[in-house]
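User: Can you walk me through this structure? Short answers, please.
Analyst: Sure, here is the model.

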There are 2 protein chains.
Amino acid sequence: MGEFSYIDWLRQQTPPAPRVLLGPGDDAAVVAWAGAPPMLVTTDVLMDGTDFLLNEIGPERVGRKAMAVNLSDIAAMAGRSVAALVGVVLPKTGGRPLAEGLYRGLRALADEFDTPIVGGDTNSWDGALVVSVTVIGEVVGGRAVTRSGARPGDWLMVTGPLGGSILGHHLDFTPRVREALWLHERVELRAMIDISDGLAADVHHLCEESRCGAVLVAESIPIAEAARRMNDERSPLDHALGDGEDFELAFAVSPEDGAKLSGMVKIGEFVESGLWLEVDGVQRALAPRGWVHGF
Amino acid sequence: MGEFSYIDWLRQQTPPAPRVLLGPGDDAAVVAWAGAPPMLVTTDVLMDGTDFLLNEIGPERVGRKAMAVNLSDIAAMAGRSVAALVGVVLPKTGGRPLAEGLYRGLRALADEFDTPIVGGDTNSWDGALVVSVTVIGEVVGGRAVTRSGARPGDWLMVTGPLGGSILGHHLDFTPRVREALWLHERVELRAMIDISDGLAADVHHLCEESRCGAVLVAESIPIAEAARRMNDERSPLDHALGDGEDFELAFAVSPEDGAKLSGMVKIGEFVESGLWLEVDGVQRALAPRGWVHGF
């Protein structure tokens, strides 16, 4: 999201239409019409210089990331991806190797998640590379998981370690589609989000949509090895709380369900209100800091 | 399409997946999966300096065009649009007025065609404006019209006058969604395309996909008033044959069906092979010239 959110504003402006079920504030929209089951749609646009540095990482990793961030949005709704569309604007200097490398990266991840690329639009210009991917997905088990169902007392859990993504994970992460489906089959996922803005920011999003609060327990937060390697003035915990593009899932489940889950990490609990960090048993207010897309 | 078609290449590379029905060479892809009826998906990316000149036309007409070209792709398949997603990359200099103007244009046309904007992605950067729109549509009457069903003897018809689109029609055209649905209800549309590359080029596409040829009758081709106003070394007929972005529909129907249609113009017939222009009863080979996207 930029300095003002076009999409949030669109959502406010667009009157509800009977054929479309909006997922306000969610990672993908839920669309349904007469005679068709609800489906998920999501789109993300990535630009050279903002979301990646083409000259440093090469086109293949760009393509992979462009597909991965969209699959992560489908994962956040516990859906299954069905098909993708790819729109690209190629710099004229890149020639065929750029297009081919980009495609290999897009395709590698699309294949891994059984998501054929069914169409798109290709252009070239004097500007920098832009890649726009749209993914369509099935709603699984009759229900898309949104951001809005967490309740005080629920456990807050994550699928993996956080922080330091800029060192490479933001390009090479595996979207948590399988993890989300595994969870969705086994427990009642009350709310879920993929961590793209940063743990604190995205838990704040869950709290806002669910109209509740959360306490994060510092010593429970799994810190990625990369967060320790950042080696700057911020602590590894700060990186885990604030860094964007981890693309792990954060979710709410009942304590009974949470206790059944192995391989998932409980990092806190939902409460009535506020966003709190508990360190050595003391809670302090936590600012919903987080990396902001595009800046 | 650029100098090489990424998407055509993608199509060759992607193995057919059982859950997805590809519309090879069509304006939109047809996607279906177990338990869901087939649906249409299409995406188009428009860039400042290529598809429009933002400084000359303003953001509202840009937004309108970005939505219109996608609705035109749905029209070409005789589908009904259901929902749209919008991805934008805003130049940092444009500020809120740019985003708002863009939205008004997108929304105006989306509203007119009952197609809510259900989500998207907003970014900003130092580059020029890029707008990516994806539209999802219903397959109507159990069948999407493709480019591949024309047969020798079929009439070739168009929905309206052609040529000179650059004088303004390419921005302000109305996508022929309603016309397509009207036709689809009344006759067997054997093949259809929206004229984006130019009449000759797009009829050539129909012929290629249908493995047949076509004869266009010069004196039957409806020439837009704008084509006469071009006032350059090319004749109005040349403009009608070659200019891109008319966004009228060209379609194939049986002579029996064609004779029933009022308000549609017969401009020729499909034949066994070749692309021909008949002038004063004499046929000559017609080059599939046409404006090429992005160059």
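**Domains and a helix**

Analyst: Chain A is divided into domain 1 (6-138) and domain 2 (155-285); the bounds come from an automatic or database domain assignment. This is a predicted model: local features need pLDDT of at least 70, side-chain atom pairs count only at pLDDT 80 or more, and totals for chains, interfaces and linings use all residues. Residues are numbered from 1 along each chain as its sequence is written, while chains are lettered from A and ligands numbered from 1 in the order in which they are written.

User: What separates the centres of the two domains of chain A?
Analyst: 24 Å, taken over C-alpha atoms.

User: And how many residues does each give to the contact?
Analyst: Domain 1 of chain A gives 18 and domain 2 of chain A gives 16. Two residues are in contact if their C-beta atoms, placed from the backbone, lie within 7 Å.

User: Which element gives the most on the domain 1 side?
Analyst: α3(A), with 10 residues. Helices (H or I, at least four residues) and strands (E, at least two) are DSSP runs, numbered from the N terminus.

User: New topic. How many residues of α6(B) are buried?
Analyst: 10 of its 12. Buried means 20 or more other C-beta atoms within 10 Å of a residue's own, with C-beta atoms placed from the backbone. Among them are Leu199(B), Asp202(B) and Cys207(B).

User: What do they pack against?
Analyst: Several elements of chain B, including β7 (155-158), α8 (236-242) and β12 (275-279).

User: What follows α6(B)?
Analyst: Arg211(B), whose phi is positive, near 55 degrees.
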